[in-house]
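Reader: I have a structure open in front of me and I am not sure where to begin. Could you walk me through it?

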Amino acid sequence: MTITATAPTSQLPPISRIHQYPPEDLSRSLRYLRQIYNQEVRGIRRIGRKPSLKAVATLHEGAADTPETDRNLDTLRSDSFERSYAIRWLTALVAQSYRLLDSAGEDSTDTVQREALIQDAASLLAICAGSASAGTVTRVFRFHDGQLPIEVQLTDVPLENQDYSSVGAQTWGSACLLADMLVEDQHLFNLDEYGDGLRALELGAGTGLAGLTLAKLLQARGTACSLVATDFHPSVLSNLRDNFTANFPTTSSVDVSVHALDWSKCSTTGQNAQPLDQPFDLILGADIIYEPEHARWIQGCVEKLLRRPEKPHSRDEVSHPPAKFHLVIPLRPTHLLESSTVEEVFPPLTSLSSHRDLPTLAVMSKDVIVCEAHGDVRSRNGAADQVEYAHYIIGWC
Ligand SMILES: C[S@@+](CC[C@H](N)C(=O)[O-])C[C@H]1O[C@@H](n2cnc3c(N)ncnc32)[C@H](O)[C@@H]1O
């Protein structure tokens with residue numbers, strides 16, 4: 001559906017006569033409202049990799065709206081009069097559900113269609129009403145793996161009293177890029193090699209985009225595995241839990257859970273509680289290094305939680321593929337010190353001596369990826385129109 005910038009007050013069927021409209025017209029109206037208030041986000045647009053690091057530039061064929069349409073939608077979205085009209089209209093549709101169902105034809109598919117319509121209106125009403133509290137945004141992130149799209153519905157909530165430590169209440173560009181890579185560049189994550197039983201962990205998950213995308217992807221692949229999303233800030237954890245429940249309302253082949261994990265305590269405390277007491281095959285981290293001490297804390301967590309290499313096997317034993325930690329951080333000019341600490345605590349593989357007794361965590365590869373900066377996710381790069389991110393793959397060597 002091509003969205004025009006017509007306002008809900010002039011586009012929607014009159015409130016008093018909603019039940020007289022055919023379900024097809026009402027479905028069209030709901031799709032129209034979703035495009036305004038439950039916007040779908042393209043994710044992130046990769047422009048390319050730095051040529052010295054990898055040869056191929058990656059260009060996205062995004063189904064991006066034109067900037068003009070984006071602007072029109074933004075104007076409508078921020079118009080509180082139009083939003084409260086949309087809420088009233090949706091409330092009326094849900095309130096008229098009995099009349100809508102009564103006027104269903106003999107055909108049972110008509111009733112099913114009307115029930116689906118009412119449910120859709122109720123869920124959109126919850127989103128619109130939630131967004132009415134300042135700063136809350138619910139969006140659908142959509143990534144394509146060449147087959148089915150992977151969709152994640154995420155709510156960002158406002159920073160608590162501008163409390164900087166609640167930054168995880170919002171979705172950052174690194175999470176968007178990591179999610180995009182998980183879907184587009186699955187080979188980088190060796191998902192085929194792990195198969196059933198994969199244990200994945202996200203550190204500093206924030207709103208949960210990267211972990212949720214991985215969980216949705218594994219669900220689409222029919223893999224039986226588990227994903228644990230962690231953070232430490234109470235209000236961030238509460239929003240993270242809500243986002244997981246919204247995306248995984250019922251049990252699935254992927255066992256998802258949300259737990260508190262403070263990096264500063266991870267390496268010093270003894271045994272972690274379940275499910276953090278067992279090692280992980282895959283650890284994800286997006287934009288989790290922005291204070292001088294973070295890299296050292298993260299290294300402590302990864303040392304403790306990333307599955308260590310196994311002792312050499314007899315030929316009949318099944319060996320696991322090597323466990324990996326994927327870290328994506330923005331290369332902000334103002335945070336060069338913090339990003340350089342990554343390479344201090346995780347040395348490049350090439351710098352390691354071959355005479356080591358114990359396995360060491362090292363950077364196995366680093367890619368610098370240039371992305372278009374846009375307003376859908378936070379990038380902390382001010383007005384710059386491009387943002388560079390580093391993607392590190394770290395493992396035991
Ligand atoms: C910049 S946000 C990134 C959030 C998310 N990964 C994203 O990219 O959208 C940093 C995240 O790290 C979390 N965090 C900061 N310090 C932490 C700590 N000591 N232990 C655990 N999580 C922490 C914050 O609560 C926040 O969710």
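Author: We can go from the overall make-up to one helix, then to some strands, and finally to a few salt bridges.

Reader: ok, what am I looking at, and how many helices and strands are there?

Author: Please keep in mind that this is a predicted model, and that the protein in it has 13 helices and 11 strands.

Reader: and how much of it is buried?

Author: The protein has 397 residues, and 49% of them count as buried. As for the surface, about 19000 Å² is exposed, with carbon and sulfur atoms supplying 52% of that area.

Reader: what about contacts, how far apart in sequence are the residues they join?

Author: If we take the contacts between residues at least 6 apart in sequence, 75% of them join residues that are at least 24 apart.

Reader: let's pick a helix. what span should α12 have, and what does the model give?

Author: Helix α12 covers residues 294–305, which makes 12 residues, and at 1.5 Å a residue it should span 16 Å. The C-alpha atoms at its ends are 16 Å apart, so the model agrees with the expected value.

Reader: which of its residues are buried?

Author: In α12 the buried residues are H294, A295, I298, Q299, G300, C301, V302 and L305.

Reader: switching to strands, how many residues of β9 are buried?

Author: Strand β9 runs over residues 324–330, and 7 of its 7 residues are buried.

Reader: which residues sit on each side of it?

Author: On one side there are K324, H326, V328 and P330, while F325, L327 and I329 are on the other, and both faces are covered. In a regular strand the side chains alternate between the two faces of the sheet.

Reader: which strands does β9 pair with, and in which sense?

Author: With strand β8, residues 282–286, the pairing is parallel and has 5 bridges, whereas with strand β11, residues 386–396, the pairing is antiparallel and has 7 bridges.

Reader: what are the bridge partners of F325 in those strands?

Author: F325 is the bridge partner of I283 in the pairing of β8 and β9, and in β11 the bridge partner of F325 is I394.

Reader: new topic: how many salt bridges are there?

Author: The structure holds 9 salt bridges, and we can look at some of them, including the one between D156 and R139, whose closest N and O atoms are 3.1 Å apart. D156 belongs to strand β4 (residues 149–156) and R139 to strand β3 (residues 137–144), so this pair ties together parts that are 17 residues apart in sequence.

Reader: are those two buried or exposed?

Author: D156 is buried, with a relative accessible area of 6%, and R139 also counts as buried, at 5%.

Reader: and what about R142 and E151?

Author: The side chains of R142 and E151 form a salt bridge with an N to O distance of 2.4 Å. R142 counts as partly exposed at 26% relative accessibility, and E151 is partly exposed as well, with a relative accessible area of 32%.

Reader: which parts of the chain does the D192 and R221 pair link?

Author: D192 and R221 meet in a salt bridge at 2.3 Å, N to O. D192 is in helix α8 (residues 191–194) and R221 is in the loop between α9 and β6, so the pair links distant parts of the chain, 29 residues apart.

Reader: how accessible are they?

Author: D192 counts as exposed, at 66% relative accessibility, while R221 counts as partly exposed, at 32%.

Conventions:
Residues are numbered from 1 along each chain as its sequence is written. This is a predicted model: local features need pLDDT of at least 70, side-chain atom pairs count only at pLDDT 80 or more; totals for chains, interfaces and linings use all residues. Side-chain values use heavy atoms; hydrogens and water are left out. Helices (H or I, at least four residues) and strands (E, at least two) are DSSP runs, numbered from the N terminus. Buried means under 20% relative accessible area, exposed over 50%, partly exposed in between (1.4 Å probe, protein chains only). Contact means heavy atoms within 4.5 Å. Accessible areas come from the Shrake-Rupley method with a 1.4 Å probe; for residues, only the protein chains shown count as cover. The expected span of a helix is 1.5 Å times one less than its number of residues. Two strands pair if DSSP finds at least two bridges between them. A salt bridge is a side-chain nitrogen of Lys or Arg within 4 Å of a carboxyl oxygen of Asp or Glu.
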